[in-house]
Amino acid sequence: MAADVQTGALALTGSIGVLFAWIAPAAEGSWCGYALAGTSAAVVAGRWAFRCLRRGTGMATESGDAGNSDHGATGKVASSNCHASSGRPAANPTDVDFSDEGSLVNHMLSQHRYAILLRPQVAANLRREHVELALSELDQHMSLVPSGDVILHPWRPAKPEESDDPHEGERLVSVEALFLDRYPITNRQYFDFVASGAYEQPAIWDPEILNAVVEFVDKTGHPGPRYWENGHYPIDEDDLPVVGVSWYEAMAYARWAGKRLPSDAEWVKAASWPVSQPDAPPTQRRFPWGESMDRSMANLWGSGPGCPVSVREYPQGTSVGGASQLIGNVWEWTSSPFGAWNCRFRALELPLPMKSIRGGAFDTYFDNQAQNSFQSGDALCARKYNIGFRCALGVCDVTTILADNPAAEEAQSECCPVNPWGVDISSSDAAPDPLAELEKEIAS
Amino acid sequence: MSRPGLLAMDSFQLAKYATPVPCYICDGVNATSAELCRHCQAPMALAHQVQQSVTPQMVAVLGTTGSGKTVYIGMLTDMLSRYSSELQLLARGAFSISLQQATAGALSQCEFPLKTPNEPDRWNWVHSRVLVPQKNQKIELIMPDVAGEALMEEIEHPHSYPVIRAFLSKCAAVLILIDIEGLDEGCDDQDYFGMKMITYLNEMNSDAKSGWGSRPISIVFTKSDQCDACFEDPVAFARQRTPGLFKQCHERLRRCRFFASSVAGACAFEVSREGRFRVPLRIEPRGVTEPFVWLIHQLTGTK
């Protein structure tokens, strides 16, 4: 099957070729994407080494799984087991006819990877109806957070005896406009990622973690979140937020989906929805739904069943912008480091480097630790039962206006100047360009 | 000059002040007006409250310094008095709420509560009523927050803290907290502490029917957020990481169970002018109520 896909892909020209190049890390067909870039040998070699590493650990050596030389088989086995066990959706890239743009676009949309289709250089080569479909998906699954200033609080405010200033340690941070997922990433969404063989694609992982990716396995030793079994999430937990994933796994998923993790400031901006005032700091909400704690609005200790619930629950706790469950259910990884900023009277010593997590979880006990402003952290490799994530996407990183409307397009380009690749290079949190990553890999 | 008048003869009321009141913990005789027992420093309020209600049972929470006794008792009382449906806890007297208040106040600000002083008169004796809604039962409970250093001193040198010995001799059940933080680094101190504790209790009362061999004991591995294997199977963890304690429990205790608990989701250190302190980064209690609920069910025979 892989050979067929490759042959077909090599015969492609124009828009499909560009699309393949962009979805390279996605599926079995990705080899041909790399082949189009003229670098197949290097990538194949990298994957082979990655697979050998996994074999060496003895973590996933079943035939047809990680040990199988055909990448497509990984997805196929996973999805067939999935059907047999729980009727969950298939995520088998080898079932897709990649010679047809429509099929490929639909496949990408079914995997919630519309962000890739909306990259300017991809969208420019797609048919209008496909871009419209992708835009519709974007609108359905992501909420718009306007640009503006947001106040970030220190991890712990200064004590009264330390400072008279009640705002000691607060920072005013400017945030560019972005899209934020309306819901945390679910088990079903993450299954697509796992089934695509993403755990064996070095290009989407941070280089420093490549050696440890083989240890990101579930209870049975298969690649995937910690609390899954045999590469699958438990039955009837499709819509539960995925947990048991490290920060690196969250980052890899975001890259695979063409998105990124939100920064700390972006997350707080989306949740607290600051309102600017002349000559005064913006006023921010304490909770997404308002100023006062109401435990019926979120899945917290004492208000829920004591475990994660579907991301569709607690709709009344939705933020102004339309993002649900920002508070409660599961903590959410952000791209920002934890502990880098504290009030000047106290320094934080971390046992390991940590990343910031926000929002509280189903077992968050105190009200003040379930506020928009509260920040906690955990180690980058921690795979906890109550930490999940949601993704973000810079408005400047995608085409949000159809190409046949020059006036609107011009307006967008004026408000969001972008580089030729559509990536905001000024932001340190911008998702890495897969092609740039590839070039680096070749160079190394 | 002087005027005749009637003066009520209330001197009989003085008699009650002359009646000695036994301390509920050590049975030592005290004056009615005494606030603390002059023998063991336990609060005499316990004795006065006992006179008004059914005889309370005593449960001890034991552990080394820093093993989390104060946090455990504080969180337990807070959780059971606010949210739990399986057991409900009603404090008796304001001083019983003080520990709960101090612990919750500190943890909500991402700090651990202050270390419990060694002086028995400064310990917090939580006196509460526990309701078991399913069985419509209620029991009175006394559960003090004993200082770890004082406890270790008494174990190493019996009778150095009479209040601890007197209290433990009357206890109906015990929770022994084992701090797993050091176990991961190959330090066996907690294993040895657990062995000493079991030995101490057994030597105190080894009677086959009423001794510690037949009283319920919960072994609680604290700070288990650092080791998920402990949560998944506390018995296996005990067998592998605290083999001495496991053996003692297996051989000498008939009603013993292992549990894992944690209160903080993650921890770090904070450095300020006052020094370097361990701080919780967030509070998400796990496995806090289970050991206590099991003990209560053992005491009441409800399960």
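**Exercise 1. Contacts and burial in chain A**

Find what share of the contacts in chain A with a separation of 6 or more comes from residues 24 or more positions apart, and what percentage of chain A counts as buried.

*Solution.* Keep in mind that this is a predicted model. Start with the contacts in chain A that have a separation of 6 or more: residues 24 or more positions apart account for 70% of them. Next, turn to burial: of the 444 residues of chain A, 49% count as buried. To finish the overview, list the secondary structure, which in chain A consists of 14 helices and 12 strands.

**Exercise 2. A helix in its surroundings**

Work out how many residues of helix α11 (residues 247-256) of chain A are buried, and which elements they pack against.

*Solution.* A residue is buried if 20 or more other C-beta atoms lie within 10 Å of its own. By that test 10 of the 10 residues of α11(A) are buried, so the helix is largely enclosed by the rest of the structure. Among them are Trp247(A), Tyr253(A) and Trp256(A), along with Glu249(A) and Arg255(A). Now look at the neighbours: the buried residues pack against α10 (187-195), β7 (331-337) and β9 (354-358) of chain A. After α11(A) comes Gly258(A), with a positive phi near 80°.

**Exercise 3. A four-stranded sheet**

Give the strand order of the open sheet of 4 strands in chain A and say which strands lie at its edges.

*Solution.* The order is β10-β9-β7-β11 (chain A), and the pairing is mixed. The edge strands, β10 (375-379) and β11 (387-388) of chain A, each pair on one side only. Between β7(A) and β9(A) there are 3 bridges, in the antiparallel sense; here Glu332(A) has Arg358(A) in β9(A) as its bridge partner. Finally, add the helix: α12 (residues 264-272) of chain A packs on the sheet and touches β7, β9 and β10 of chain A, with its direction at about 135° to that of β7(A).

**Exercise 4. Where the chains meet**

Identify the element that gives the largest share of the side of chain B that touches chain A.

*Solution.* First count both sides: 17 residues of chain B are in contact with 22 residues of chain A. Two elements of chain B, β10 (262-272) and β11 (275-286), give two or more residues each to the side that touches chain A. The largest share, 7 residues, comes from β10(B). By type, this side of chain B divides into 9 nonpolar, 3 polar and 5 charged residues. Then check for strand pairing across the chains: strand β8 (residues 347-349) of chain A is joined to β10(B) by 3 bridges and the two run antiparallel. Glu349(A) stands opposite Phe269(B) there.

**Exercise 5. Two helices and a hairpin in chain B**

Decide whether helices α7 (residues 189-204) and α10 (residues 243-252) of chain B are roughly parallel or roughly antiparallel, then describe the hairpin of β5(B) and β6(B).

*Solution.* The two helix axes come within 7 Å and cross at roughly 25°. Angles under 35 degrees count as roughly parallel, and α7(B) and α10(B) are therefore roughly parallel to each other. Their crossing is left-handed. The contact includes Met195(B) and Ile198(B) of α7(B) and Leu245(B) and Cys249(B) of α10(B).

For the hairpin, note that 9 bridges join β5(B) to β6 (residues 137-145) of chain B, and the strands run antiparallel. Ser128(B) stands opposite Leu141(B) in β6(B). There are 4 residues between the two strands, and Asn136(B) in the turn has a positive phi of about 55°.

Note on methods. Residues numbered from 1 in each chain as written. Chains lettered and ligands numbered in written order. Predicted model: local features only at pLDDT ≥ 70, side-chain atom pairs only at ≥ 80, totals over all residues. Axes fitted to C-alpha atoms, helices over the stretch in contact; angles between N-to-C directions. Parallel < 35°, antiparallel > 145°, perpendicular 65-115°, else oblique. Left-handed = near helix turned anticlockwise from the far one by under 90°. Contact = placed C-beta atoms within 7 Å. Buried ≥ 20, exposed ≤ 12 C-beta atoms within 10 Å, placed from the backbone. Nonpolar A, V, L, I, M, F, W, Y, C, P; charged D, E, K, R; others polar. Pairing = 2+ DSSP bridges.
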